[in-house]
Amino acid sequence: MSGVTEQIGAGSEEQFQVIFESLSDGIFVCDAETGAFIDVNAAVCAMFGFTRQELIGQTLDALSNGLPPYVQRDATTLLEDARSHGPQIFQWRCKAKDEHLFWGEISLRIAPLGGRPVGLAILRDITERKRLEAEIAQLAHFDVVTGLPNRRNFDVVLLQEISRSARYGGVICLAMADIDLFKIVNDTFGHQAGDAVLKSLAELMRKALRRSDYIARWGGEEFTLLLPETSLDVAEMLLNRLRVRIADEVLPEIGRPVTLSFGVTAFEKTDSPADLLKRVDHALYQSKQDGRNKVTKI
């Protein structure tokens, strides 16, 4: 502690040391120009696994994953911003001595100490908060059962692809798939087996489709597929190939295959998302009416 407390003065040294060492948040005192650590508290040492002696003279770059925007030049910019514009709050991808990574939120300000300005940074471990945020984002945009993008995610991508096709004249097809007689699967084998079937089919379709194609779970037993740069005839051929492959696949969850019916349509310049969805839904309905396990194009 002598690096800081000597500058504070003997009268307040004991009080400062108690506060400095008792906080659960990490505290860095650093040179306002270079960012070199003048002192750190015990919480910093516990978080990173270094001794105080190992950290004195180091910079935040030594406690980073080494990838922008978590490198020394970024830390220097933040110090400059703290001097010019006041306190800064930012997140930092931290790396401990044993090289495990965690997320820190840092509050940085410039404060006078011993007659000169220093950087005072308070670091809080927010790894759990980041994990929960990622989990919430996953739930908001991806289907829990299949891991595919959900309907909300699909709506955003569909609008983007329509806008791009309308602007640049690209070709895009929209398809909708429905598992035939899926209620019988649930009634016979139970909803847990039904969920396993949904997951297996999602994986089969994901592997069978091209990397440029986009598949989402629309809801229930329905899936939507975007096929960019694909004519209607080619889309029909691709979907028939997929349909046959699925119909030949024995699903271990139920000991037999299931079949899918498809509807597919091509984007026209005057189409809105609602127009496309209405048309593809009609095509899918036609496949169901014609005996299922079919592809109908409109």
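Q: What makes β6 and β8 count as paired strands?
A: Two strands pair if DSSP finds at least two bridges between them; β6 and β8 have 7 bridges, in the antiparallel sense, so they count. By the way, this is a predicted model: local features need pLDDT of at least 70, side-chain atom pairs count only at pLDDT 80 or more, and totals for chains, interfaces and linings use all residues. Residues are numbered from 1 along each chain as its sequence is written, and side-chain values use heavy atoms, with hydrogens and water left out.

Q: Which residue stands opposite aspartate 178?
A: That's glutamate 222, in β8. A strand here is a DSSP run of E with at least two residues, a helix a run of H or I with at least four, and both are numbered from the N terminus.

Q: What makes β7 and β10 edge strands?
A: Each of them pairs on one side only. The open sheet has 5 strands in the order β7-β8-β6-β9-β10, with mixed pairing. Strands of a sheet can pair either parallel or antiparallel, through backbone hydrogen bonds.

Q: How do you know which way α9 and α10 run against the sheet?
A: You compare axes, which are lines fitted to C-alpha atoms (for helices, over the stretch in contact), and the angle between N-to-C directions goes from 0 to 180 degrees. α9 lies across β6, β7, β8 and β9 and runs at about 10° to β8. α10 touches β6, β8, β9 and β10, and its direction makes about 170° with that of β9.

Q: Why is asparagine 41 called buried?
A: Buried means under 20% relative accessible area, exposed means over 50%, and partly exposed is in between (1.4 Å probe, protein chains only). Asparagine 41 has 0% relative accessibility, so it's buried. You'll find asparagine 41 in the loop between β2 and α3.

Q: What makes the link between asparagine 41 and aspartate 25 a polar contact?
A: The pair must be N or O atoms within 3.5 Å; within protein, one must be able to donate a hydrogen and the other to accept it, and residues adjacent in sequence count only if both atoms are side-chain atoms. Here a polar atom of the asparagine 41 side chain lies 3.1 Å from the backbone oxygen of aspartate 25, so the distance fits.

Q: What is meant by a nonpolar core, and which residues have the most contacts inside the largest one?
A: A nonpolar core is a set of buried Ala, Val, Leu, Ile, Met, Phe, Trp, Tyr and Cys residues joined through side-chain atoms within 4.5 Å. The largest has 30 residues, and Leu201 and Leu225 have the most contacts inside it. α9 gives the most to this core, with 6 residues.

Conventions:
Contact = heavy atoms within 4.5 Å.
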